[in-house]
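Got your viewer open? Here is a short tour, one selection at a time.

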Amino acid sequence: FVKHASGQDAYALRGVPQVHGAVRDQWQLARAMLERQLRAVAQGQRVNAQELTRSQDELAAGLTALAGIAERRLFRFNDPRLNNGLPPYLIPHHARPGINSGYMIAQYTAASQVASASNLLQPFAPRTGSAGSYDAGWQTAELLDRLERVLAIELLMAAQAVDVRWESFDHPTWWQRRMLWHAALGHGGRV
């Protein structure tokens with residue numbers, strides 16, 4: 001965490017346990033609801049599509065919030081005033097100026113995914129019948145796809161931040177760890 005004049009870290013950092021935990025809880029509730037409805041179908045009982053749709057709506061709102069908070073962390077990675085000494089846009093120190101735009105476009109891509117998710121977000125529970133449930137399921141799948149993209153970009157940028165930070169160390173242990181990290185990522189030490 002980086003302490004600022006206000007004395008508080010940004011919500012994108014300090015709110016992680018609350019937001020991630022709430023989304024995990026929503027995921028578990030939606031899963032339990034889906035499993036209960038599937039058991040009802042298997043037993044020949046009537047399915048309550050309204051309950052299923054409501055749980056999907058709540059999960060959709062949580063997924064969108066999670067994508068939004070992850071994108072705000074990406075913004076912080078790129079901003080030299082907020083990233084605790086990393087170069088702007090995570091451009092490596094050895095890169096030629098003007099040639100490498102760093103991770104600016106990656107962060108813009110994540111922001112567009114969040115905007116797209118926000119546009120998709122609408123409650124389907126007020127609708128009746130299985131059509132609302134189908135629409136809510138489709139919406140959740142689309143939101144999961146966008147969240148996956150945002151989180152993949154966050155992992156990519158976090159790896160770059162670690163790599164850029166390791167460049168500033170001249171100790172052999174750091175170099176060995178860097179090589180192990182890149183070997184695990186599958187690109188043999190090259191960024």
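Start with the charged side chains: this predicted model holds 7 salt bridges. Three of them make good stops.

**Stop 1: R73 and E154.** Select these two and show their side chains, which meet in a salt bridge at 2.5 Å, N to O. The pair ties together distant parts of the chain, since R73 sits in helix α3 and E154 in helix α5 (residues 129–167), 81 residues apart. Are they buried or exposed? Both R73 and E154 are buried.

**Stop 2: R81 and D79.** Now pick R81, whose salt-bridge partner is D79, with 2.8 Å between the closest N and O atoms. Colour the two by accessibility and look at each side of the bridge. R81 is exposed, because its relative accessible area of 69% lies over the 50% cut-off. D79 has a relative accessible area of 9%, under the 20% limit, so D79 counts as buried.

**Stop 3: D25 and R24.** Next, select D25 together with R24; their salt bridge has its closest N and O atoms 3.7 Å apart. D25 has 39% relative accessibility and therefore counts as partly exposed.

**Stop 4: the helices.** Hide the side chains and switch to a cartoon. The protein has 6 helices and 0 strands, and from the N terminus on its elements read α-α-α-α-α-α. Across the 191 residues, 37% are buried.

Select α2 (residues 16–42) and α3 (49–78). Their axes are 9 Å apart and the helices pack at an angle of about 155°. That angle is over 145 degrees, which means α2 is roughly antiparallel to α3. Rotate the pair to look at how they pass: the crossing of α2 and α3 is left-handed.

Keep α3 and swap α2 for α4 (104–120). How far apart are the axes of α3 and α4? They are 9 Å apart, and the packing angle is about 160°. So α3 is roughly antiparallel to α4, and this crossing is left-handed.

**Stop 5: a nonpolar patch.** Finish on the surface with Y89, I105 and Y108, which form a nonpolar patch. Together these residues have about 290 Å² of accessible area. Where does Y89 sit? Look in the loop between α3 and α4. Y89 is partly exposed, with a relative accessible area of 32%; this is over the 30% that a patch member needs, which is why Y89 can belong to the patch.

Definitions and conventions. Residues numbered from 1 in each chain as written. Predicted model: local features only at pLDDT ≥ 70, side-chain atom pairs only at ≥ 80, totals over all residues. Heavy atoms only, no water. Patch = residues over 30% accessible without salt bridge, like charges linked within 9 Å, V, L, I, M, F, W, Y side chains within 5 Å. Areas by Shrake-Rupley, 256 points an atom, 1.4 Å probe, with all protein chains shown as cover. Salt bridge = Lys/Arg side-chain N within 4 Å of Asp/Glu carboxyl O. Helix = DSSP H or I, 4+ residues; strand = E, 2+ residues; numbered from the N terminus. Buried < 20%, exposed > 50% of the residue type's maximum accessible area, 1.4 Å probe, protein only. Axes fitted to C-alpha atoms, helices over the stretch in contact; angles between N-to-C directions. Parallel < 35°, antiparallel > 145°, perpendicular 65-115°, else oblique. Left-handed = near helix turned anticlockwise from the far one by under 90°.
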